[in-house]
Amino acid sequence: MWKWIGSGGTALVASLVCGTALAQATPPKPKSFESSAGVKLLAGGNVWSTPGDVQPPGYDGLGFSDSGGGFGWGGAAYYEARFVGHLGLEVDLGYDSSVLQREVTYNATVKVQEKVTMSGLRTGLLFKGILPTPFGRLWLGLGPELSTGSSVSAKNEITRNKQYVSNPDQVEGLISAKSKSSTLLTLAFGMAIHLGESLEIPVDLRAAKNLSQESDWNDRVKVDAVTGEYEVTAQSSWDFRLATGLGYRF
């Protein structure tokens with residue numbers, strides 16, 4: 001059965017329809033406060049920059065007297081607080097293990113690989129700018145990190161033509177390592193992909209500059225002029241990490 005609707009009723013129906021469409025098209029306003037917590041796995045690389053004031057000038061032998069690098073990995077728990085949808089603060093607590101290595105060549109035949117391994121706790125604080133997206137959120141962050149480097153080890157390995165070295169055991173035993181905590185400045189960007197109502201997958205890329213490492217070779221490496229033994233302070237100049245994991249929003 002058809003019923004006639006007057007002009008007033010027509011206007012009311014049109015208003016309700018338009019209001020419903022507008023409500024569906026308008027995204028919900030961000031909450032004044034949200035947070036997330038979860039775990040991440042991290043992997044990437046470390047860089048030992050070329051030290052300054054190497055003596056004698058041009059020396060390129062044992063003692064990490066030039067640039068080097070290696071692999072690093074770790075895991076961390078994180079908590080992120082978000083304010084008015086666009087500002088955030090992330091706190092990380094985790095474990096990091098890193099390797100620095102460098103290859104030295106003698107007489108174009110003998111190759112020796114210097115290697116320093118360091119591991120320990122790592123904590124970080126990131127101040128974030130956040131952009132909400134249909135799939136979750138994008139962010140850019142900057143902040144300090146502290147690495148304890150509590151466990152270190154070092155070794156030399158003759159990787160080529162060991163038979164031409166008269167004292168291979170002595171050469172391989174020349175190196176040792178010293179632990180030192182590091183303060184780093186970290187720049188990071190990433191995203192969080194929302195899964196359902198509560199879960200998220202964080203993905204981020206980080207570059208950290210060590211603010212605690214000395215620049216000169218004599219400050220990074222202590223050499224015994226009599227025995228040739230040397231002690232390397234186990235610190236990266238830079239490290240880079242790609243991280244992903246699983247978190248819960250609440």
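Start by selecting Pro-56, which sits in the loop between S1 and S2. Look at the bond before it: Gln-55 and Pro-56 are joined by a cis peptide bond, with omega at about -5°. Keep in mind that you are looking at a predicted model.

Stay in that loop and step back to Asp-53, which also lies between S1 and S2. Asp-53 is not a glycine, yet its phi is positive, about 55°. Is Asp-53 buried, partly exposed or exposed? Its relative accessibility is 45%, so it counts as partly exposed.

Now jump to Ala-108, in the loop between S3 and S4. Here too a residue other than glycine has a positive phi, near 60°. Ala-108 counts as exposed because its relative accessibility is 67%. As background for these stops, most residues other than glycine have a negative phi, and most peptide bonds are trans.

From Ala-108, carry on into the strands. Select S4 (residues 110-133) and S5 (residues 136-147): they pair in the antiparallel sense over 10 bridges. A hairpin of two residues takes you from S4 to S5. For a bridge to zoom in on, try Pro-132, whose partner in S5 is Arg-137.

Next add S8 (residues 182-195). S5 pairs with S8 in the antiparallel sense, over 12 bridges. Click on Ser-147 and you'll find its bridge partner in S8, Ser-182.

Hide those and bring up S7, S11 and S10. They form an open sheet of three strands in the order S7-S11-S10, with mixed pairing. Which strands stand at the edges? They are S7 (175-178) and S10 (221-223); each has a single partner strand, so one side of each has no neighbour in the sheet. Look along the sheet for the twist, which averages 20° from one strand to the next. The S10 pairing with S11 (residues 230-233) is antiparallel and covers three bridges. One bridge to pick out there links Val-223 with Tyr-230 in S11.

Time to look inside. A search of the whole structure turns up three cavities of 30 Å³ or more. The largest has a volume of about 200 Å³. To centre your view on it, select Leu-42, Ala-76, Arg-122, Glu-145 and Arg-206, the closest to its centre among the 18 lining residues. Then colour by strand: S1 (33-48), S2 (68-83), S3 (87-106), S4, S9 (199-210) and S12 (238-249) each supply at least two residues of the lining. Which strand gives the most to this lining? That would be S3, with five residues. Switch to colouring by residue class and the lining of the largest cavity divides into nine charged, five polar and four nonpolar residues.

Your last stop is the second largest cavity, with about 150 Å³ of space. It is lined by 16 residues, and the closest to its centre are Asp-96, Met-118, Arg-122, Ser-147 and Ser-236. You've already met Arg-122 at the largest cavity, and Ser-147 as the bridge partner of Ser-182. S3, S4 and S8 each supply at least two residues of the lining of this second cavity. S4 gives the most here, with four residues. Colour by class once more: the lining of the second largest cavity has nine polar, four charged and three nonpolar residues.

Key:
Residues numbered from 1 in each chain as written. Predicted model: local features only at pLDDT ≥ 70, side-chain atom pairs only at ≥ 80, totals over all residues. Heavy atoms only, no water. Pairing = 2+ DSSP bridges. Axes fitted to C-alpha atoms, helices over the stretch in contact; angles between N-to-C directions. 1 Å grid on protein atoms, 1.4 Å probe; cavity = no way out; pocket = protein on both sides within 12 Å on 5 of 7 lines; lining within 4 Å. Points joined across faces, edges and corners; volume = space filled by probe spheres on them. Nonpolar A, V, L, I, M, F, W, Y, C, P; charged D, E, K, R; others polar. Buried < 20%, exposed > 50% of the residue type's maximum accessible area, 1.4 Å probe, protein only.
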